[in-house]
Amino acid sequence: MLDNLIVLFPSIIHVLEFTARECPNYADRIVAESLMGKIKEFDFAFMLHLMLNVLTMTNELSCALQRMDQDIVNAMGLLALTKQLLQTMRKSGFGYLMEDVSSFCDKHDIMIPNMDARYFPGKSKRRALDVTYSYHLHVDIFYAVIDLHFQELNRCFDAVSNDLLLGMASLNPVNSFGNFDKNRIMKLAEYYPNEFDSSQLRDLSCQLDSFILYACGVDKRFFGLKGISDLAKVLIKSDLHQTWPLVYLLIKLTLILPVATASVERAFSSMNYIKSELRNSINDKFLNSCLVCYV
């Protein structure tokens, strides 16, 4: 969408100019004229190119996370790549960004401000207006936007989340347990201390060794499985869940984890409907009862 905005920028200006001049509704003419004035400013061009660059870097990760069949291991690799791209842009991307913005402004007759103006953060609003176009102000905006996206990625995918996701992926039987990683699975089990104490962790390690050899090379019932739920079904039907009880327990926990996470996300999404502007003063007890019924 932002890319189209850059490509269609002359057409957008033309439509706004025509609307501001020919529209019979006075209010619409005022709005069109105001919008035209705002988008023909350097600040708009700067933020447009900055957000386009940032969202382009995060687009592949965003698309991957929305795919139902996306390999979690690959998604975590894209997450690491996205963070690396953002860090590289933070270190050396400002100059290239300013070149793109300046070229865009020259092409569309947008005034490029004097970047030598002095900037004093924290001063009065009048002083801030005087130095809106200063070099240091745009540098601060550049860093703030990138840091915000980086922090959001760290918040959504912290160390615990990464360990849980990679541990789940390591138990996935797709492609004959192609993502199997014993260390990641053991790390996943460590997040359940009530189910796996130190002695049970040792037993789980031994059970994983025998289980993966059996599942990959002995029993054809484990071939061609689509996911962890299919793996659990095969273990039950074959009565092998009693042979490797700790492996089966961990599989059950991984099946519960996405459901619990999704339930929490659904509850927060439901709050937008339950606690509306008209019900803004609703107390917590009544809100909880409404959420239970709604979810």
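**Exercise 1. Sort the lining of the second largest pocket into nonpolar, polar and charged residues.**

Step 1. Start with the classes: Ala, Val, Leu, Ile, Met, Phe, Trp, Tyr, Cys and Pro count as nonpolar, Asp, Glu, Lys and Arg as charged, and the others, Gly among them, as polar.

Step 2. List the lining: Thr-58, Leu-61, Ser-62, Leu-65, His-149, Glu-152, Leu-153, Cys-156 and Phe-157. A pocket here is an open set of points on a 1 Å grid over the protein atoms alone, where a 1.4 Å probe fits, with protein on both sides within 12 Å along at least five of seven lines; lining residues have an atom within 4 Å of a point.

Step 3. Now sort them: the lining divides into 5 nonpolar, 3 polar and 1 charged.

Step 4. Place the lining on the fold. Helix H4 (42-66) and H8 each supply at least two of these residues; helices are DSSP runs (H or I) of at least four residues, numbered from the N terminus.

Step 5. Add the volume, which is about 180 Å³, taken as the space filled by probe spheres set on the grid points, joined across faces, edges and corners.

A note before you go on: this is a predicted model, in which local features need pLDDT of at least 70 and side-chain atom pairs count only at pLDDT 80 or more, while totals for chains, interfaces and linings use all residues. Residues are numbered from 1 along each chain as its sequence is written, and side-chain values use heavy atoms, with hydrogens and water left out.

**Exercise 2. Find which residues form the buried side of H6, and which sit on the face turned away from it.**

Step 1. Check the helix itself: H6 (residues 94-107) has 14 residues and reaches 20 Å from its first C-alpha to its last, close to the 20 Å expected at 1.5 Å a residue. The expected span is 1.5 Å times one less than the number of residues.

Step 2. Pick out the buried residues (under 20% relative accessible area; exposed is over 50%, partly exposed in between, with a 1.4 Å probe and protein chains only). In H6 these are Phe-94, Leu-97, Met-98, Val-101, Phe-104 and Cys-105. They lie on the same side of H6 because they cover an arc of only 125° around the axis, the arc being that of the directions from the helix axis to the C-beta atoms.

Step 3. Turn to the opposite face, where Tyr-96, Glu-99, Asp-106 and Lys-107 are exposed.

Step 4. Look just past the helix: Asp-109 follows, with a positive phi near 55°.

**Exercise 3. Work out how the buried residues of H2 are arranged around its axis.**

Step 1. Name them: Phe-9, Ile-13, Leu-16 and Ala-20 are buried.

Step 2. Look down the axis of H2: these residues fall within an arc of 65°, so they line one face. An α-helix has 3.6 residues a turn, so residues three or four places apart point the same way.

Step 3. Finish with the face turned away, which carries the exposed His-14 and Arg-21.

**Exercise 4. Locate salt bridges that link distant parts of the chain.**

Step 1. Apply the criterion: a side-chain nitrogen of Lys or Arg within 4 Å of a carboxyl oxygen of Asp or Glu. The whole structure holds 4 such bridges.

Step 2. Take Asp-147 and Arg-90, whose closest N and O atoms are 2.7 Å apart. This pair joins helix H8 (residues 135-156) to helix H5 (residues 72-92), 57 residues apart.

Step 3. Take Asp-209 and Lys-182, at 3.0 Å. Here helix H12 (residues 198-217) is linked to helix H11 (residues 182-190), 27 residues apart.

Note on methods:
Helix = DSSP H or I, 4+ residues; strand = E, 2+ residues; numbered from the N terminus.
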